[in-house]
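Work through these exercises with the model open beside you. Try each task before you read its solution.

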Amino acid sequence: MHCKYCNVEVKSETEFCPLCHEKLTPSETAVTVFFPPKTYEKASRLKPTLTKISFIGSLVIFLVCLTANLFTTPELMWSCIVGAILLYAMLLVQNTIFSRSSVSQKIIIQGVGIFLLLVVIQCVLKSTTYWSLEYCLPFIFIFSIIGEGIYLAVAHKTKNNMPAIMMLCILGFIPIVLYWCKVYDTLWPSLTSATFSAIVMLTGVLFGYPKLKIEIKKKFHI
């Protein structure tokens with residue numbers, strides 16, 4: 001039996017796919033391999049070595065900056081910004097460049113990393129305004145959605161991207177909720193994020209609803 005939605009062969013007498021629960025169709029040809037053969041790649045010894053070297057190097061740089069900071073300008077802990085930048089650089093290399101995770105996960109991880117870096121900078125500079133929330137967070141959501149959309153348009157892969165885009169669109173309303181809660185006073189960045197998220201979500205529901213429905217069923221085994 002064959003599932004046209006999951007594109008897999010099911011060696012069973014059941015009428016429904018165990019993954020998406022859609023009705024199976026009879027196989028046209030005899031199939032001997034029901035799942036792609038799993039390949040095992042030889043583990044590279046270079047990556048762990050580079051990870052250790054980068055960690056030790058980052059730690060040394062941070063300790064040098066911290067020492068200089070404490071002896072020169074202890075009232076402004078700029079070394080914390082250096083430490084945050086080093087952590088973000090390690091995140092960029094390990095979990096984005098060298099990682100085999102999906103593009104959706106990489107985009108989300110990068111968005112979280114950039115936001116946390118900006119929060120650290122804001123706290124160290126002792127800013128009187130919440131500019132990391134007020135201006136940066138809405139546009140992080142907007143550019144994350146745009147990045148997901150570009151990848152979806154280029155790669156034509158809806159498996160992970162459609163649910164990820166919908167999730168980012170829902171999160172894109174967080175800035176307007178923070179504005180309504182009087183966390184900050186500037187409306188236009190939050191309104192821009194909410195409007196953009198609503199337009200993308202509506203477009204996805206109108207034009208991609210069948211594929212989105214299938215992917216949600218697969219994800220949650222509905």
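**Exercise 1. Find where lysine 126 sits, and decide what its phi angle shows.**

Start with the place: lysine 126 belongs to the loop between α3 and α4. Keep in mind that this is a predicted model.

Next, take the accessibility. Lysine 126 has a relative accessible area of 61%. The cut-off for exposed is over 50%. Lysine 126 is therefore exposed.

Now the backbone. The phi of lysine 126 is near 55°, which is positive although the residue is not glycine. Most residues other than glycine have a negative phi.

**Exercise 2. Repeat the steps for lysine 182.**

Lysine 182 sits in the loop between α6 (174-180) and α7. Its relative accessibility is 67%, so lysine 182 counts as exposed. Its phi is near 65°, again a positive value in a residue other than glycine.

**Exercise 3. Place threonine 129 and list its contacts.**

Threonine 129 is in the loop between α3 and α4. Is threonine 129 buried, partly exposed or exposed? The relative accessibility is 39%. Partly exposed runs between 20% and 50%. Threonine 129 is therefore partly exposed.

Set aside neighbours within four places in sequence. Threonine 129 then contacts Gln122 and Glu134.

Last, look further along the chain. Valine 183 is 54 residues away from threonine 129, and their C-alpha atoms are 9.9 Å apart.

**Exercise 4. Describe the overall fold in numbers.**

Count the elements: the protein has seven helices and two strands. Put them in order along the sequence: β-β-α-α-α-α-α-α-α.

Then turn to burial. Of the 222 residues in the protein, 31% are buried.

Finish with contacts between residues at least 6 apart in sequence. Of these, 53% join residues at least 24 apart.

**Exercise 5. Work out how α3 packs on α4.**

Helix α3 covers residues 103-125, and helix α4 covers residues 131-155. Their axes lie 10 Å apart, at an angle of about 165°. An angle over 145 degrees counts as roughly antiparallel. So α3 is roughly antiparallel to α4.

Which way does α3 cross α4? The crossing is right-handed.

Now find the residues that touch. On α3 they include Val103, Ile107, Ile114, Phe115 and Leu118. On α4 they include Trp131, Leu133, Leu137, Ile140 and Tyr151. By class, the contact of α3 with α4 has 13 nonpolar, six polar and one charged residues.

**Exercise 6. Do the same for α2 and α3.**

Helix α2 spans residues 78-97. It packs against α3 at an angle of about 175°, with the axes 9 Å apart. That makes α2 roughly antiparallel to α3.

Contact residues in α2 include Trp78, Ile81, Ile85, Tyr88 and Leu92. Those in α3 include Lys106, Ile109, Ile114, Leu117 and Val124. The contact of α2 with α3 divides into 14 nonpolar, four polar and one charged residues.

Compare the two lists for α3. Ile114 is in the contact with α4. Ile114 is also in the contact with α2.

**Exercise 7. Trace the surroundings of asparagine 69.**

Asparagine 69 lies in helix α1, residues 46-72. With 0% relative accessibility, asparagine 69 counts as buried.

What does the side chain of asparagine 69 reach? The backbone nitrogen of tryptophan 78, at 3.0 Å.

Neighbours within four places in sequence are left out in the next step. Asparagine 69 contacts Pro74, Leu76, Met77, Trp78 and Ser79. Trp78 also takes part in the contact of α2 with α3.

**Exercise 8. Contrast two residues of α7: serine 190 and alanine 198.**

Begin with serine 190, in helix α7, residues 188-220. At 0% relative accessibility, serine 190 counts as buried. Its side chain reaches the backbone oxygen of proline 175 at 3.2 Å. Beyond neighbours within four places in sequence, serine 190 contacts Pro138, Pro175, Ile176, Tyr179 and Tyr184.

Move on to alanine 198, which is also placed in helix α7. Its relative accessibility is 32%, so alanine 198 counts as partly exposed. Cysteine 169 is 29 residues from alanine 198 along the chain, and their C-alpha atoms are separated by 6.9 Å.

The contrast is clear: serine 190 is buried, whereas alanine 198 is partly exposed.

Key
Residues are numbered from 1 along each chain as its sequence is written. This is a predicted model: local features need pLDDT of at least 70, side-chain atom pairs count only at pLDDT 80 or more; totals for chains, interfaces and linings use all residues. Side-chain values use heavy atoms; hydrogens and water are left out. Axes are lines fitted to C-alpha atoms, for helices over the stretch in contact, and angles run from 0 to 180 degrees between N-to-C directions. Helices (H or I, at least four residues) and strands (E, at least two) are DSSP runs, numbered from the N terminus. Angles under 35 degrees count as roughly parallel, over 145 as roughly antiparallel, 65 to 115 as roughly perpendicular and the rest as oblique. A crossing is left-handed if the near helix is turned anticlockwise from the far one by less than a right angle, and right-handed if clockwise. Contact means heavy atoms within 4.5 Å. Ala, Val, Leu, Ile, Met, Phe, Trp, Tyr, Cys and Pro count as nonpolar, Asp, Glu, Lys and Arg as charged, and the others, Gly among them, as polar. Buried means under 20% relative accessible area, exposed over 50%, partly exposed in between (1.4 Å probe, protein chains only). A polar contact is a pair of N or O atoms within 3.5 Å; within protein, one must be able to donate a hydrogen and the other to accept it, and residues adjacent in sequence count only if both atoms are side-chain atoms.
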